[in-house]
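Please open the structure in your viewer and keep the selection tool at hand. The tour proceeds from the whole chain to individual side chains.

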Amino acid sequence: VKAERAAAQSEARELQKEAKRAQTVHNKQAMQLEAAAAQRAALEKRLDSARAASQPSEAEVARLAELAKEIKALGKRVGEGEKKVGAADATLASLQEQVLAVGGIKLRAQKSKVETLGEQVSGLQQAVTKAEVGLESKTAAQAKLEASLSKQQAAAEGLERQGRELEEGL
C-alpha cells in the first residue's frame, strides 16, 4: 500500500509539473494571442488611416472637376484653331496656284531653277563642310606625327650620344 501510495504521490507530482508546464505554455500562447490581436488592431487602424489619406479631399475633387472643364474648353479651342489653320492652308495653296497661273510657264521655270540651284548650293555646302572636317582631322594627324617624329629624333640623338660615350670609354 505504501509503495502504491508513494507511486501515486510521485505520479501526482509529475502530473502537477506537467500541469504547470501546460499552464506556462497556455499563458505564453495567450500572451502571443493578445499581442497578435493588438498588432492586428493597430494594422487595421493604419489601414483605415491610409485609406482615408488616399481619398481626395472635397477641395481636390472640386479642383479636378475644374481642371477637367478647363481641359475640355482648351480642347474645343484647339479644334477651332486646327480648323482655322486648315482653312488658311487651303487659302494659301489656292493663292500660290493663282500666282503661278498669273506668271505662267516662265514663273514656273524660274521657280524650278531656284529650287535646283538651292539644292546644288546645299550639296556644295555639305561637301565644303565634309572637306573642312577632313582637313581638321588631317591637320590633327599631322601634328601628332610631327610630335612623334620629334620624340623619335630626340631618342635617336640620345642613343647616338650614348654610343659615342661608349666608344670613347673603350
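The stops below begin with the overall form and end with a group of charged residues.

This is a predicted model, in which local features need pLDDT of at least 70 and side-chain atom pairs count only at pLDDT 80 or more, while totals for chains, interfaces and linings use all residues. Residues are numbered from 1 along each chain as its sequence is written, and side-chain values use heavy atoms, with hydrogens and water left out.

**Whole chain.** Display the chain as a cartoon: two helices and zero strands appear (DSSP runs, H or I of at least four residues for helices and E of at least two for strands, numbered from the N terminus). The C-alpha trace spans about 140 × 100 × 30 Å along its principal axes. Of the 170 residues, 1% count as buried (under 20% relative accessible area with a 1.4 Å probe, protein chains only; exposed is over 50%, and partly exposed lies in between).

**Helix 1.** Select Glu-18 and Arg-21, which both lie in helix 1 (residues 2-54), three residues apart. They form a salt bridge, with the closest N and O atoms 2.9 Å apart (a side-chain nitrogen of Lys or Arg within 4 Å of a carboxyl oxygen of Asp or Glu). Glu-18 is partly exposed at 44%, as is Arg-21 at 46%.

**Helix 2.** Next select Arg-63 and Glu-66 in helix 2 (residues 58-169). Their salt bridge has its closest N and O atoms 2.9 Å apart. Add Glu-70: Arg-63 also bridges to Glu-70, at 3.9 Å. Through shared partners, Arg-63, Glu-66 and Glu-70 join into one network.
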